[in-house]
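Visitor: Could you take me on a close look at the salt bridges in this protein? I would like to see which parts of the chain they join.

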Amino acid sequence: MASKARNRSSRAGADEGGQRQRLIEAMTQVAARHGYRGASVARVVEGAGVSRATFYEQFAGKEACFLAAFELTAERIERGLTRIEAEFSPASRADELLDELLDSMVGDPAAASVLLVEALAGGPAVRQAHERFILGLEATLERWLAESDGNGHRLTVPGRAVVEGIGGTLLIRCFRGEAAQLGELRDDLLAWLYSYVAPTGLARLSPEQWRQLGAGLVPAPATAAPKPAAKLPRGRSAIAPEQVAGAQRERILAAVGTLARTEGFLATTVADIVREAAVTREAFYAQFRNKEDAFLAAQSAGLEKSIPLTGAGFFAGETWPERVWGGLAALLGYVATEPDVVYLDVIESYAAGSAALRRSFDNRMAYGLFFEDGYRHRPPQAPLPRLSSEAIGNAIVGTMRWHVSEGRTERMLELLPQAAYVALAPFIGAAAALEFVSAKAAGQSLAPTG
């Protein structure tokens, strides 16, 4: 009798475990297909072939189920890192890491989408788990990169730049539905990564040393963003209707940015926006179809403001390294004084849906032109693949995103030496790039960007 009871209990446990696994697998597929927003419990239970009651026996809700799906994929990557560190020398770990990532993502594109894209659209628990995962990757890479390759060389690129440069490039491909072709990027990504190789005698700065190098760089007061248009007086006015509409639009876009940062896109309603902007619902719907439409307009407005400022900073330099420094100084100065708009684009776009995310990716691609002159600095016998511009841009934007999410937006310019190094080293060499950014950080007086 006791044996039969144990067998029944074992089967019940196996059934329960099987149901949980089916729900996790269904969540992975549904989230990859419909996005985190569209991954409803109804779709998940249909995909798993279980009842809603069974779902809630296993998970408290949608976020808990998605978190389990994310953690399953993250654990696979973490196990791969442990294996690579144990089995391979420092000289070959970067190759093995990239192979591990590519094999995992090509083999399971739905899991890749959950790991790279949809986790950033999830709720607080999911975002925190994603942050822990990335921080763990960065710590592992910092440890690896500090070691010599056995031939007197090592990689001088910051670990965070590797994570964001490679991860961002793969993320965009997954978002575009190109996971099956990720393997084709291997050689180009490795060429970009190894462009940071330098003799071990060259200093390799830790994350804290990079931060200290840029600690004295702060935006000038004139970079402060102009305030949104003041609320118009009630009653009849001599102001032309188009001016009224323009002022209302400006306040609405500012309100969208503020609420995206303080409340999050998913929690924000049109009622919240019109209250924050001090306009009527009629005024809102006269210009926007819904909150998604207003979010996209706010993204575009942010790019329209940042491109002229960045371009002016870039073209003011006499040499290409000076132009890169000036352009990045202008961009980071803008970010420091427009936290709402930047938070909206680089963080909340994941929650706002595919149109917003596509626009965010397009926005970062617009800055790739600033790296074009760099290719002429490379020796003809050692050309860099054009994918390098994309990887560099993703590394810089990804590092910026972390600064924003940590609430350090006003200190954004302390990233300038690190960002400039990431941009310059592949083209002019690690030693020349480090010397350049160190000298600039020591003596640069940042002019107002506005």
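**Salt bridges between helices**

Guide: Happy to. Please keep in mind that this is a predicted model. Let us begin with the setting. The protein folds into 20 helices and 2 strands. Its radius of gyration is 24 Å, close to the 22 Å that the globule rule gives for 450 residues, so the protein is as compact as a globular protein of that length. The C-alpha trace spans about 85 × 75 × 35 Å along its principal axes. Of the 450 residues, 52% count as buried. Among contacts with a separation of 6 or more, 73% come from residues 24 or more positions apart.

Now to the charges. There are 48 positive and 52 negative ones, and their mean positions lie 6 Å apart. Across the whole structure, a search finds 27 salt bridges, and three pairs make a good tour.

Start with Arg37 and Glu292, whose side chains meet in a salt bridge at 3.2 Å, N to O. This pair links distant parts of the chain: Arg37 belongs to helix H1 (residues 2-38) and Glu292 to helix H14 (residues 291-315), 255 residues apart. Arg37 is partly exposed, with a relative accessible area of 40%, and Glu292 also counts as partly exposed, at 25%.

Next come Arg83 and Glu100, with a salt bridge of 2.6 Å, N to O, between their side chains. Arg83 sits in helix H4 (residues 62-87) and Glu100 in helix H5 (residues 90-107), so the pair ties together parts that are 17 residues apart in sequence. With a relative accessible area of 32%, Arg83 is partly exposed.

For the third pair, turn to Arg160 and Glu138, where the salt bridge is 2.6 Å, N to O. Here helix H8 (residues 159-175), which holds Arg160, is linked to helix H7 (residues 124-145), which holds Glu138; the two residues are 22 positions apart. What is the surrounding of this pair like, buried or exposed? Both Arg160 and Glu138 are buried.

Salt bridges can also join up into a network. Which residues form one? Arg211, Glu406, Arg408, Arg411 and Glu414 are linked in this way.

So, to retrace the route: Arg37 and Glu292 bring together helix H1 and helix H14, Arg83 and Glu100 tie helix H4 to helix H5, and Arg160 and Glu138 connect helix H8 with helix H7.

Terms used: Residues numbered from 1 in each chain as written. Predicted model: local features only at pLDDT ≥ 70, side-chain atom pairs only at ≥ 80, totals over all residues. Heavy atoms only, no water. Helix = DSSP H or I, 4+ residues; strand = E, 2+ residues; numbered from the N terminus. Rg over C-alpha atoms; globule rule 2.2 N^0.38 Å. Buried < 20%, exposed > 50% of the residue type's maximum accessible area, 1.4 Å probe, protein only. Contact = heavy atoms within 4.5 Å. Lys, Arg positive; Asp, Glu negative; His and termini not counted. Charge placed at Lys NZ, Arg CZ, Asp CG, Glu CD. Salt bridge = Lys/Arg side-chain N within 4 Å of Asp/Glu carboxyl O.
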